[in-house]
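Colleague: I've got this model open and would like a close look at one part of it. Could you walk me through that part and then show me how it sits in the rest of the chain?

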Amino acid sequence: MRRIHQLGITFTVFLAVWVSLLHQSGALKSNKSVLHNFFDTTSPLHVFLWCLPLICIVVFAIYSLVHIIYSVMYFPTCPKAAEMLKRDMKRTQKELVKLGVFTPKQIKEMNSS
């Protein structure tokens with residue numbers, strides 16, 4: 001299943017559960033507008049239910065930030081791959097000099113900067 005399908009299904013299920021909770025708690029009255037229902041809430045449960053999507057977005061953002069920071073902190077180093085990449089770059093530079101794309105002086109300037 002594609003990632004977009006998973007996100008769509010998750011969003012739809014969350015939305016259905018959220019609207020169901022709003023309706024069952026009485027925070028969503030059918031004879032009033034949505035804004036009037038939001039500002040007419042007196043129960044802390046109603047306020048929590050109205051703010052639940054925002055809370056979920058904030059929690060997801062914090063989780064994403066922690067995951068990114070953790071991934072950057074423990075990014076694996078691959079010395080063997082780095083050596084292979086350096087060899088490939090030197091080989092490619094030699095081929096470019098042979099083809100006349102660059103002069104040896106230009107290659108030295110590129111490597112020094």
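The request and the reply follow.

Colleague: Let's take helix α4, residues 79–99. Which residues does the salt-bridge network link, and what is Q93 in contact with beyond its neighbours within four places in sequence?

Modeller: Happy to. Keep in mind that this is a predicted model, so let me start with how far to trust it. Mean pLDDT for the protein is 84, with 84% of the residues at 70 or more. Among the elements, your helix comes out best: α4 has the highest mean pLDDT, at 90, while helix α2 (residues 34–39) has the lowest, at 61. Where pLDDT is low, the predicted coordinates should not be read in detail. I'd keep that in mind for α2, given its mean of 61.

Now the salt bridges. A search of the whole structure turns up two. One joins the side chains of R91 and D88, at 3.2 Å from N to O. The other joins R91 and E95, with N to O at 3.6 Å. So the network you asked about links D88, R91 and E95.

The spacing along the helix is worth a look. R91 and D88 both belong to α4 and sit three residues apart, about one turn of the helix. R91 and E95 are separated by about one helical turn too, because they are four residues apart in α4. An α-helix has 3.6 residues a turn, so residues three or four places apart point the same way.

How covered are these side chains? R91 has 45% relative accessibility, so it counts as partly exposed. D88 is partly exposed as well, because its value is 37%. E95, at 40%, is therefore also partly exposed.

Q93 belongs to this helix too, but its surroundings read otherwise. At 16% relative accessibility Q93 counts as buried, because the cut-off is under 20%. What does it touch? Setting aside its neighbours within four places in sequence, Q93 is in contact with I107 and N111.

The next helix along is α5, which covers residues 104–112 and includes P104. P104 is exposed, because its relative accessible area is 51% and the cut-off is over 50%. P104 and Q93 are 11 residues apart along the chain, and their C-alpha atoms are separated by 8.8 Å.

Zooming out, the protein has five helices and zero strands, giving the pattern α-α-α-α-α along the sequence. Of its 113 residues, 10% are buried, and Q93 is one of the buried residues. The protein exposes about 9,900 Å², with 71% of that supplied by carbon and sulfur atoms. As for contacts with a separation of 6 or more, 29% are between residues 24 or more positions apart.

For the largest nonpolar core, look away from your helix. Five residues make it up: W18, L22, L49, W50 and L52. The elements that give two or more residues to this core are α1 (3–25) and α3 (44–73), and the largest share, three residues, comes from α3.

L49 is a good place to see how that core is put together. Leaving out neighbours within four places in sequence, L49 is in contact with W18, L21, L22 and S25. The core residues W18 and L22 are among those partners. The buried residues of α3 are H46, L49, W50 and L52.

L52 deserves a second look. There α3 bends by about 55°, and a proline, P53, follows within four residues. L52 also belongs to the largest nonpolar core.

Back in α4, then, I'd centre the view on R91, whose side chain meets both D88 and E95, and then turn to Q93 with its contacts to I107 and N111.

Definitions and conventions: Residues numbered from 1 in each chain as written. Predicted model: local features only at pLDDT ≥ 70, side-chain atom pairs only at ≥ 80, totals over all residues. Heavy atoms only, no water. Buried < 20%, exposed > 50% of the residue type's maximum accessible area, 1.4 Å probe, protein only. Contact = heavy atoms within 4.5 Å. Core = buried A, V, L, I, M, F, W, Y, C linked by side-chain atoms within 4.5 Å. Areas by Shrake-Rupley, 256 points an atom, 1.4 Å probe, with all protein chains shown as cover. Bend = angle between axes of the 7 residues up to and from the residue. pLDDT = per-residue confidence, 0-100. Salt bridge = Lys/Arg side-chain N within 4 Å of Asp/Glu carboxyl O.
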